[in-house]
Amino acid sequence: MIRQEIRNVAIIAHVDHGKTTLVDQLLRQSGQFRASELQGDCILDSNPIERERGITILAKNCAIRYTDRSGKDFHINIIDTPGHADFGGEVERVLKMADGVLLLVDAVEGTMPQTRYVLSKALANGLRPIVVINKMDRPEARVHEVHEEVFDLLVDLGADNRILDFPVIYAAGRQGWAVADLDRLPKEGEVGDVHDLFDAIIKHIPAPKFNPDAPLQVLITNLDYSDYVGRIGIGRVFAGTLHAGQDIMTIDRFGEQKLQKINQLLRFEGLGRMEVDRIEVGDICAVVGLEKVDIGDTLADPENPIALPAVHVDEPTLHMTFRINDGPFAGQDGKYVTSRQIRERLQKELQSNVALAVDFGGTSEEFEVAGRGLLHLGILLENMRREGYELAVGKPKAIFKEVNGKRQEPIELLAVDSPNETVGAVMQMMGDRRGELGKMEVRGRRTHIEFMVPARGLIGLRSRILAVTQGEAIIHHTFDRYDDYRGPMPGRANGVMIATDGGMVTAYALKELSDRGQMFVRPGDNVYAGQVVGEHCKDNDIEVNIVRMKKLTNMRQSIKEATFTLRAPRDLSLEAALEYIEDDELVELTPQFIRIRKRYLNETDRKRNARRIADTAAASS
Ligand SMILES: Nc1nc2c(ncn2[C@@H]2O[C@H](COP(=O)(O)OP(=O)(O)OP(=O)(O)O)[C@@H](O)[C@H]2O)c(=O)[nH]1
Ligand SMILES: [Mg+2]
């Protein structure tokens, strides 16, 4: 049987291709909201970091009541997904809730690494895409080429004829229109609407199918957490009807069963959730009150518990050490600085951050934290800073695996869009990082180049590629597979400048050092001995006195000094700092400051440590 009035559709695309903006328009034009309920852009990107960075981090459900042109009512569950590669695992999971997908592709950028990834996952789940060629308002739009690219990508992914015959919608989400036919693009001055897209969803996304005789089965595919009610499971009813207050059997990924009671039951309605007493088959729900619930759990009939197929959760590919901040400025800025506080915060994060793994087993001051990439872990760190935590973090490292006695490492698909003139420099850089060239395609003044490259080789890559392409390159990568270890990789090309003394940075000292490299600090900053204050222009580290004052001998010289303009320091964002450091360095994070320091603040300790490392290397070779 089928639930004719329900549609479950996920919106998938490469990062920034306009998913959340298009969902805004679907919400706005559904006619079920007052203008005051829908303020601003990208309404679903509701958490502060999402708003600030303009990206979606967490997949989110919303639901639209839609009445079609013939007067029939539908409940459309929409799942907006994140496009950034670090959150690909999240997309894969929430696809289990959907019966079809809207695949958005930017009309200029075309198919990108994450388009391929999310589309392959949709196909693996048997979901047929409606292709939305989006951002049609961009003057450089390449509609026909992009259409071809999607077709080729589908062929490449082994799609069958039924899927190759995909419906296409042409849209400009930001302008609020979507049409099924190129002849019907809005003319100059026309407003347009997204009704064709609603119609396509109703027509092409299959209504949920179910077996009326099967016992209750709900698959949990996402988690939410609230300080008031604890863990919230989000999932889809595949069979039976779920009632508020009923007993259910949870069956976890390992087959373990537990009898539990459902407290509240919520249905998605517009931007929120509404308490209901039952959820029927085919619909999506949120369940409150389960003491133990996890991704991949089946909520089953206690009399006849049958598990649904397991949900795959991606393993982490990158790890780093989180440790207490034991620098001289520890505790000056943050509220939470102890290892117990950091431990508790990480434990709370594990409640809903599925792709995260923490090893609490080391020393009490250090935790090994593993995740899906730099952005995934960077966002956790950014959240912690904002909540008032201080901590120090070590260099991010790829996670190796041992397979049949062979060392394997994560390999990523990297796409670089470079101006044609700088292609040579990009190729050279990727060669050094053991990148293997895949596809290469000239698109007007720019070239699209794809590489398979070890994840290790991507750390610190962005800033360097931007440097050789004068800031013009666009780079994206996505995890592809584990494969044989590709051999050693060059480290950072430059050494650093290390402060010998603590105190306040002087303009005089900066001026004296200006030809030695680029600084990370400005006059008036407080620094401590052992802090990394700049990048040396050569490959070795140097010790510098950055708090040095000039002895004033006569007036004229001091005036001359005041007129010397200092080069602006390099501002390091959290992720840039993490990508920058080497093994013997740490990034110190406090609510207001990001500093780089040497692990050993004292010069003698540093030398001793360097010698120890050299001795071990010599002994093992
Ligand atoms: N020119 C143009 N820009 C658009 C359009 N739709 C969205 N954008 C812009 O593209 C950027 C990304 O839009 P989002 O809706 O956040 O994209 P997204 O796919 O949800 O991004 P992630 O969730 O981070 O993957 C924003 O700056 C939008 O203003 C469009 O139709 N035309
Ligand atoms: Mg988004």
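In this predicted model, helix α1, spanning residues 19–29, is mostly covered, with nine of its 11 residues classed as buried. The buried positions run from Lys 19, Thr 20 and Thr 21 through Leu 22, Val 23, Asp 24 and Gln 25 to Leu 26 and Leu 27. The elements that cover these buried residues of α1 include the strands β1 (6–13), β2 (60–67) and β3 (73–80), together with β4 (100–106), β5 (129–134) and β6 (168–172). After α1 comes Gly 31, for which the backbone angle phi is positive, near 75°.

Strand β3, one of the elements that cover α1, contains Ile 79. This residue has 27 C-beta neighbours inside 10 Å and therefore counts as buried, given that the threshold for burial is 20 or more. When residues up to four places away in sequence are left out, the contacts of Ile 79 are with Ala 10, Ile 11, Ala 59, Asn 61, Val 94, Met 97 and Ala 98. For one of these partners, Ala 98, the separation from Ile 79 is 19 residues in sequence, whereas the C-alpha to C-alpha distance in space is 7.9 Å.

Helix α9 comprises 13 residues, 374–386, and its first and last C-alpha atoms are separated by 18 Å, which is close to the 18 Å expected for a rise of 1.5 Å a residue. Burial within α9 extends over Leu 374, Leu 375, His 376, Leu 377, Gly 378 and Ile 379, and further along the helix it is found at Leu 381, Met 384 and Arg 385. As with α1, which is followed by Gly 31 with a positive phi, α9 is followed by a glycine with a positive phi, in this case Gly 388, where the angle is near 105°.

A further helix pair is formed by α10 (residues 423–432) and α11 (residues 461–468), the axes of which come within 9 Å and cross at roughly 155°. Because angles over 145 degrees count as roughly antiparallel, α10 is roughly antiparallel to α11. The handedness of the crossing between α10 and α11 is right-handed. On the side of α10, the contact is made by Ala 425, Val 426 and Met 429, while α11 contributes Arg 464, Ile 465 and Val 468. In terms of residue character, the contact of α10 with α11 consists of five nonpolar residues and one charged residue, with no polar residue taking part.

Definitions and conventions:
Residues are numbered from 1 along each chain as its sequence is written. Chains are lettered from A and ligands numbered from 1 in the order in which they are written. This is a predicted model: local features need pLDDT of at least 70, side-chain atom pairs count only at pLDDT 80 or more; totals for chains, interfaces and linings use all residues. Helices (H or I, at least four residues) and strands (E, at least two) are DSSP runs, numbered from the N terminus. The expected span of a helix is 1.5 Å times one less than its number of residues. A residue is buried if 20 or more other C-beta atoms lie within 10 Å of its own, exposed if 12 or fewer, and partly exposed in between; C-beta atoms are placed from the backbone. Axes are lines fitted to C-alpha atoms, for helices over the stretch in contact, and angles run from 0 to 180 degrees between N-to-C directions. Angles under 35 degrees count as roughly parallel, over 145 as roughly antiparallel, 65 to 115 as roughly perpendicular and the rest as oblique. A crossing is left-handed if the near helix is turned anticlockwise from the far one by less than a right angle, and right-handed if clockwise. Two residues are in contact if their C-beta atoms, placed from the backbone, lie within 7 Å. Ala, Val, Leu, Ile, Met, Phe, Trp, Tyr, Cys and Pro count as nonpolar, Asp, Glu, Lys and Arg as charged, and the others, Gly among them, as polar.
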